[in-house]
Amino acid sequence: MIQSRRQVIRRRLVLEMIHMDLAVLLSNLIGLFLLIGVGFFAVRAGILPAASSKTLSALLMKITVPATIICSMLRPFDPGFLKLGVSIVLVGTVMFPLFGGLSMVLSKLLRVPEGRRGMWCCCATFCNNGFMGFPVALALFGEEGLALTVMLSIPFNFLLYSLGAKMVCMDRSGDTPGQGLSWGKAVFNAINLSMAIGLALYLTQIQLHQAILSPIQYLSDATTPLSMIVTGMNLSQGKMTDVLRDRDAFTASGARLLAFPLVAWALMLLVPGLDKLVIGAALINLAMPAPAAATFIGEEHGGCTQLAARIVFLSSLLCLVTIPLVSLLL
């Protein structure tokens with residue numbers, strides 16, 4: 001009788017979680033698609049030239065994304081939270097390179113063509129843990145879950161703009177895998193420098209003067225709309241029906257939304273003593289769609305930006321179904 005009552009309560013909580021998850025997802029997806037639409041119609045209406053997406057991508061890579069990373073680390077230091085924070089940083093440090101290795105194998109098995117394979121791997125490996133991951137984690141797990149998501153962004157940002165950039169460079173015409181961008185340039189860039197500054201500010205708790213903090217926050221606020229607009233600008237180069245006919249976009253979205261989160265879940269369950277909150281926050285974030293950053297990384301390093309835009313669009317649409325399904329594992 002008691003067991004049956006517990007099962008009913010648990011089932012009710014799961015249903016409430018899915019309802020909350022869907023509400024947050026739907027709200028963010030509407031905003032995401034509207035911003036993508038701005039970029040799409042700006043090019044189609046002749047307001048912006050398609051070539052300007054490269055200039056906007058450089059602005060994102062070198063100015064607004066570093067500002068976003070610094071802002072995400074400006075939070076009170078909590079020694080009691082440190083163990084959970086270190087745990088989720090280690091999870092990200094292991095999972096993203098693992099996904100990268102798996103994506104290389106899968107892309108060959110699925111016969112993703114050269115010139116697209118690097119971007120396919122980048123989009124399958126990394127997730128949109130900022131624009132969508134932050135609000136969903138807050139809705140499901142509260143402030144502590146949001147803080148853990150911010151900590152997960154440490155290995156995510158470092159690896160996306162180094163390992164991810166190396167993947168994208170595989171698509172360059174005439175480049176062999178691994179060439180075109182040295183590891184030195186991949187690691188020592190403006191984004192990873194901003195990670196070091198953000199971590200130093202978090203650990204030392206140095207308070208920035210408002211005259212410095214305000215412009216950094218303004219630049220940070222520009223990252224999401226700019227990245228979505230760049231995605232829309234790249235989508236405008238083809239027909240929308242091409243997205244639904246792109247096999248590579250579907251397979252990358254399947255790996256990103258279902259296959260890799262299931263791998264992460266199974267592996268995290270094998271780790272003794274890993275806190276359930278860490279497992280939950282990590283799993284939900286690792287189940288997010290492909291990162292919009294893939295589009296402007298492609299612009300910066302000569303990758304297949306059209307495929308990136310299609311995967312971002314398609315995975316963002318499909319996640320409305322897959323994330324509630326993944327939530328059932330919690």
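This passage describes the fold, core, helix packing and selected residues of a predicted model.

The chain is helical throughout its assigned secondary structure, with 14 helices and zero strands. Read along the sequence, the pattern is therefore a run of α elements, α-α-α-α-α-α-α-α-α-α-α-α-α-α. The chain has 330 residues, and 52% of them count as buried. Contacts between residues with a separation of 6 or more were also examined. Of these, 86% join residues 24 or more positions apart.

The largest nonpolar core holds 90 residues. Within this core, Phe 96, Tyr 161, Met 268, Phe 296 and Ile 297 touch the most other members. Helix α5, residues 133-169, gives the most to the core, with 16 residues. A second core is separate and has five residues. Among them are Ala 67, Ile 70, Cys 71 and Leu 201. In soluble globular proteins, nonpolar side chains tend to be buried together.

Phe 96 illustrates the contacts of a residue in the largest core. Residues up to four places away in sequence are not counted here. Phe 96 touches Thr 125, Phe 126 and Cys 127. The side of the list with higher numbers includes Leu 152, Phe 156, Leu 159 and Leu 286.

Helix α4 spans residues 117-125, and helix α11 spans residues 247-269. The two helices pack with their axes 8 Å apart. The angle between them is about 30 degrees. Angles under 35 degrees count as roughly parallel, so α4 is roughly parallel to α11. Their crossing is right-handed. On the α4 side, the contact is made by Trp 120, Cys 123, Ala 124 and Thr 125. On the α11 side, the contributors are Asp 248, Thr 251, Ala 252, Ala 255, Arg 256 and Phe 260. Thr 125 of α4 also appears among the contacts of Phe 96.

The cysteines were examined next. A search of the whole structure finds zero disulfides. Cys 121 is in no disulfide. The nearest cysteine sulfur to that of Cys 121 belongs to Cys 122 and lies 8.8 Å away. A disulfide requires sulfur atoms within 2.5 Å, so this pair does not qualify. Cys 121 has 0% relative accessibility and counts as buried. Cys 169 is also buried, with a relative accessible area of 1%.

Ser 227 is found in helix α9, residues 223-235. Its relative accessibility is 6%. Buried means under 20%, so Ser 227 counts as buried. Leaving aside neighbours within four places in sequence, Ser 227 is in contact with Leu 60, Ala 292 and Phe 296. Phe 296 is one of the residues that touch the most other members of the largest core.

Two loop residues other than glycine have positive phi values. Arg 111 has phi near 55 degrees. Arg 111 sits in the loop between α3, residues 82-109, and α4. Its relative accessible area is 72%, so Arg 111 is exposed. Gln 205 has phi near 60 degrees. Gln 205 lies in the loop between α7, residues 190-204, and α8, residues 210-221. At a relative accessible area of 29%, Gln 205 is partly exposed. The value for Gln 205 falls between the cut-offs of 20% and 50%, which means that the residue is neither buried nor exposed.

Conventions. Residues are numbered from 1 along each chain as its sequence is written. This is a predicted model: local features need pLDDT of at least 70, side-chain atom pairs count only at pLDDT 80 or more; totals for chains, interfaces and linings use all residues. Side-chain values use heavy atoms; hydrogens and water are left out. Buried means under 20% relative accessible area, exposed over 50%, partly exposed in between (1.4 Å probe, protein chains only). A nonpolar core is a set of buried Ala, Val, Leu, Ile, Met, Phe, Trp, Tyr and Cys residues joined through side-chain atoms within 4.5 Å. Helices (H or I, at least four residues) and strands (E, at least two) are DSSP runs, numbered from the N terminus. Contact means heavy atoms within 4.5 Å. Axes are lines fitted to C-alpha atoms, for helices over the stretch in contact, and angles run from 0 to 180 degrees between N-to-C directions. Angles under 35 degrees count as roughly parallel, over 145 as roughly antiparallel, 65 to 115 as roughly perpendicular and the rest as oblique. A crossing is left-handed if the near helix is turned anticlockwise from the far one by less than a right angle, and right-handed if clockwise.
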